[in-house]
Amino acid sequence: QKAEWEELKDAKTLTADGKQFTLGANIGTPKDVAGATDNGAEAVGLFRSEFLYMDASELPSEDDQFEAYKQAVEGMGGKQVVVRTMDIGGDKELPYLPLPEEMNPFLGYRAIRISLDKQDIFRTQLRALLRASNYGRLAIMFPMIATVKEFKAAKAIFEEEKAKFVQAGKPVSDDIEVGMMMEIPAAAMIADKLAKYSDFFSIGTNDLIQYTMAADRGNERVSYLYQPYNPSILRLIKNIIDSSHAEGKWTGMCGEMAGDQIAVPILAGLGLDEFSMSATSILKTRSLMKKLDTEKMKKLAEKAVNECETTEEVISLVKEFTD
Ligand code: PEP
Ligand code: MG
């Protein structure tokens with residue numbers, strides 16, 4: 001097995017019948033890039049930029065952020081790096097940025113909601129990203145988008161900052177893709193509308209599952225409801241992928257589910273384009289893909305989405321399929 005994985009490091013991700021997928025890594029700091037490339041990552045599908053904020057004693061400067069993003073895109077040597085703008089709030093606090101106490105932090109003031117409100121922080125981050133775009137293939141995505149209006153507002157601020165670079169004659173890449181996390185059921189339901197504006201989607205199943213099932217992702221007592229394979233979740237995922245494809249866009253997934261060996265055949269069958277996971281799951285997943293057939297996975301996914309009633313039924317369906 002080790003020998004097979006070694007060989008797969010520099011290989012493309014292909015199914016038995018030759019359909020190609022992209023396997024990316026999730027990273028938290030630029031230091032993680034080495035682990036990503038060592039494990040054969042074809043992209044960074046999620047760079048959680050929060051570390052820059054959480055590991056500091058004050059708001060990170062534009063220069064500090066620039067260095068981190070530059071290091072990441074350079075380290076990936078031309079492969080795409082999707083940086084997610086700050087996702088603070090929820091359970092992630094900053095000592096130097098006191099946020100109001102809330103009854104339901106996961107339903108409160110977090111992520112893009114803070115960025116759109118405290119625009120100086122957001123614009124500083126965007127400027128650092130624009131500068132780093134000159135050193136590799138950078139993409140940007142916004143966390144916790146719920147509405148078309150939010151996406152348009154965030155994108156407009158990005159465009160404003162970019163226009164300032166151009167006006168000042170400062171170099172900036174001309175093909176930065178600007179996308180969004182799909183992690184709120186409301187957004188998943190209107191994916192067809194959002195797909196007109198967003199260059200790509202990245203499905204954040206960690207949050208999408210908790211919000212869809214109304215079950216806190218960290219609460220043991222309701223963990224029985226945290227069901228990645230529940231047909232409700234699969235239907236949302238299908239709608240997101242189909243909507244993006246109808247507009248000629250692509251969809252990735254950066255939640256834990258992307259590297260889950262039971263989920264992979266269904267997700268591939270639904271046409272997910274990019275799977276982003278912890279680096280250590282990449283080669284295992286590339287090896288699994290090699291054994292799978294596209295048409296069979298499509299039928300499997302259709303059955304799971306349309307015929308299954310429970311998460312248990314979906315699990316046995318996949319087990320039958322891969323055995
Ligand atoms: C997610 O919600 O699935 C996700 C990838 O983001 P995070 O785990 O950082 O909330
Ligand atoms: Mg999330």
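This passage describes the confidence of a predicted model, the surroundings of its ligand and two residues annotated as binding site.

The model is predicted, so local features need pLDDT of at least 70 and side-chain atom pairs count only at pLDDT 80 or more, while totals for chains, interfaces and linings use all residues. Residues are numbered from 1 along each chain as its sequence is written, and chains are lettered from A and ligands numbered from 1 in the order in which they are written.

The protein chain has a mean pLDDT (the predictor's confidence in each residue, from 0 to 100) of 97, and 100% of its residues reach 70 or more. The ipTM is 0.99 and the pTM 0.98.

The shell around ligand 1 (residues whose C-beta atom, placed from the backbone, lies within 6 Å of the molecule) consists of Leu 46, Arg 48, Asp 87, Glu 183, Gly 204, Thr 205, Asn 206, Asp 207, Cys 254 and Gly 255. Helix α10 (a DSSP run of H or I, at least four residues) gives the most to this shell, with 3 residues.

The unreviewed UniProt entry lists Arg 48, Arg 84, Asn 206, Asp 207 and Arg 217 under "binding site"; such annotations may be inferred rather than shown by experiment. Arg 84 is buried (20 or more other C-beta atoms within 10 Å of its own, these atoms being placed from the backbone), because 26 lie within that distance. Its contacts (C-beta atoms, placed from the backbone, within 7 Å), leaving aside neighbours within four places in sequence, include Leu 46, Arg 48 and Met 181. Asn 206, found in helix α10, has 15 other C-beta atoms within 10 Å and is therefore partly exposed, a class between buried and exposed (12 or fewer). Beyond four places in sequence, Asn 206 is in contact with Arg 217, Gly 255 and Glu 256.

Terms used. Helix = DSSP H or I, 4+ residues; strand = E, 2+ residues; numbered from the N terminus. Contact = placed C-beta atoms within 7 Å.
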